[in-house]
Amino acid sequence: MAFITINKAHFFHNLDLLCAKAGGKTKLMAVLKDNAYGHDLRLMASLASQYGLSRAAVKNIEEAERIADLFEEVLVLVDHPTAKPLSASISLAAHSYEALQALPDGTSIHLSIDSGMHRNGIKEEQIDEALALIHAKKLRLRGVFTHFRSADELSSEFFWQRANFERAKKRIKALIEHYGLPKTAFHSCNSAALLRTDTIGDDDYARSGIAMYGYTTLDPLIATYDLKPVLALWAEKLSSRVLKKGERVGYGGIYEAKEDELISTYDIGYGDGFFRFDGFEPIAMADGSLTKGRMSMDSFCLGGDASKVCMFEDANPLARQFHTISYEIMTKLYPALKRVVI
Ligand SMILES: *Cc1c(COP(=O)(O)O)cnc(C)c1O
């Protein structure tokens, strides 16, 4: 049966590098959203916790509840305000003034600041009224954060946004003192921002996702790092046969044997979350061997009869071929595929 390997040594190697950059294990929040970028939420949360990280961020409340026991704090990045009782370690990102209004009194929150990406967060002009509302509703302000839109690009936009966030921080710190609210944590850097800076400044921690899993989209002219991919996808042989010269294999009969050849079918298809290929442009496996014909929902074909094949251990070539990013190649992988820690 097809399976995914998770390389623990590579994961810890990446965490060593990121924690050294951020200033220690307390300075890194593990971003485990979307099933830990397809790696497996509970498994990666256990490894991150075993490594010594105490904070995680996830997509929604359902994901947060699945790992709430493993961390001091689990931040929900993308969910709707709810009155549902939550585990004590869970806090919700509040992305607008309306969200602050909708949240029940006393909810633990991280206030999201729009420092220039304009995807989420309150504007600088709304800070005063937001803090007044937080005070009035006794919302527990555990964090204040922003997100960079171009941290990986060779441009000054990152520095512009960072300056905007620094100004917002100053104002929020003054208001926290004014209202006598408890100290809050500030955070802004994603993987690319952390990797391009020498310090996270007076932020309390960075939120890293993709770099923990061994990838970066950071422009190599800014910096390069020895990150190691954590996930590899393996398919196992279902059956073999000889394709006679002139016979064609799979849907549409796209691939034709030039001479008699041994061919095998393997148990991964687009139903497992692998990008579907139409057979006109073959896909290279980790060892360089090329697919033959079109991918089916649950299988694809290769020459030879190896009992198993590593489809990829580096998502970058696939990302290039499918005009996407490593994030998407991994996030799409079917959660029910077996994970094996190596
Ligand atoms: C996904 C996400 C991150 C992590 O980004 P990476 O590029 O994977 O490090 C950090 N913060 C927020 C708000 C996110 O949505």
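Start by selecting Leu337: at 8% relative accessibility this residue counts as buried. Bear in mind as you click around that this is a predicted model.

**Stop 1: Leu337 and its surroundings**

Leu337 sits in the loop between helix 10 and strand 16, the strand that covers 338–341. Now add Ala2 to the selection and draw a C-alpha to C-alpha distance. Leu337 and Ala2 are 335 residues apart in sequence, yet the line you just drew spans 6.8 Å. Which residues touch Leu337, once its neighbours within four places in sequence are left aside? Show Ala2, Ile4, Leu233, Ile268 and Asp272 as sticks, and you have the set.

**Stop 2: Ser326**

Step back along the chain to helix 10, residues 326–331, where you'll find Ser326. Is Ser326 buried or exposed? It is buried, with a relative accessible area of 5%, so Ser326 falls below the 20% cut-off for that label. To see what surrounds Ser326, select Ile210, Tyr215, Ala315, Asn316 and Ala319; these are its contacts beyond the neighbours within four places in sequence.

**Stop 3: zoom out**

Reset the view and take in the whole chain. Colour by secondary structure and you should count 10 helices and 16 strands. If you draw a box along the principal axes, the C-alpha atoms fill roughly 80 × 45 × 35 Å. The chain has 342 residues, and 52% of them count as buried. A contact map is worth pulling up here too: take the contacts between residues at least 6 apart in sequence, and 65% of them join residues at least 24 apart.

**Stop 4: helix 1 against helix 3**

Next, select residues 8–22 for helix 1 and 41–51 for helix 3. Their axes come within 11 Å and cross at roughly 55°. That angle makes helix 1 oblique to helix 3. The crossing is right-handed. For the side chains, helix 1 brings Lys8, Phe11, Phe12, Leu15, Asp16 and Cys19, while helix 3 answers with Met44, Leu47, Ala48, Gln50 and Tyr51. Colour this contact by residue class and you get 8 nonpolar, 1 polar and 2 charged.

**Stop 5: helix 6 against helix 7**

Move on to residues 127–136, helix 6, and 157–179, helix 7. What is the angle between this pair, and how far apart are the axes? The helices pack at about 35°, with the axes 10 Å apart. Helix 6 passes helix 7 in a right-handed crossing. On the helix 6 side, show Ile127, Asp128, Leu131, Ala132 and His135; on the helix 7 side, show Ala168, Arg171, Ile172, Leu175, Ile176 and Tyr179. The residues of this contact split into 8 nonpolar, 1 polar and 2 charged.

**Stop 6: the cysteines**

Finish by selecting the cysteine sulfurs. How many disulfides turn up? With a pair of sulfurs needing to be within 2.5 Å, the count is 0. Centre on Cys189: the nearest cysteine sulfur belongs to Cys19 and is 14 Å away, and Cys189 is in no disulfide. Cys189 is also buried, at a relative accessible area of 3%. Then jump to Cys301, whose nearest cysteine sulfur, that of Cys310, is 18 Å away; Cys301 is in no disulfide either. Cys301 is buried too, with a relative accessible area of 11%.

Conventions:
Residues numbered from 1 in each chain as written. Predicted model: local features only at pLDDT ≥ 70, side-chain atom pairs only at ≥ 80, totals over all residues. Heavy atoms only, no water. Buried < 20%, exposed > 50% of the residue type's maximum accessible area, 1.4 Å probe, protein only. Axes fitted to C-alpha atoms, helices over the stretch in contact; angles between N-to-C directions. Helix = DSSP H or I, 4+ residues; strand = E, 2+ residues; numbered from the N terminus. Parallel < 35°, antiparallel > 145°, perpendicular 65-115°, else oblique. Left-handed = near helix turned anticlockwise from the far one by under 90°. Contact = heavy atoms within 4.5 Å. Nonpolar A, V, L, I, M, F, W, Y, C, P; charged D, E, K, R; others polar.
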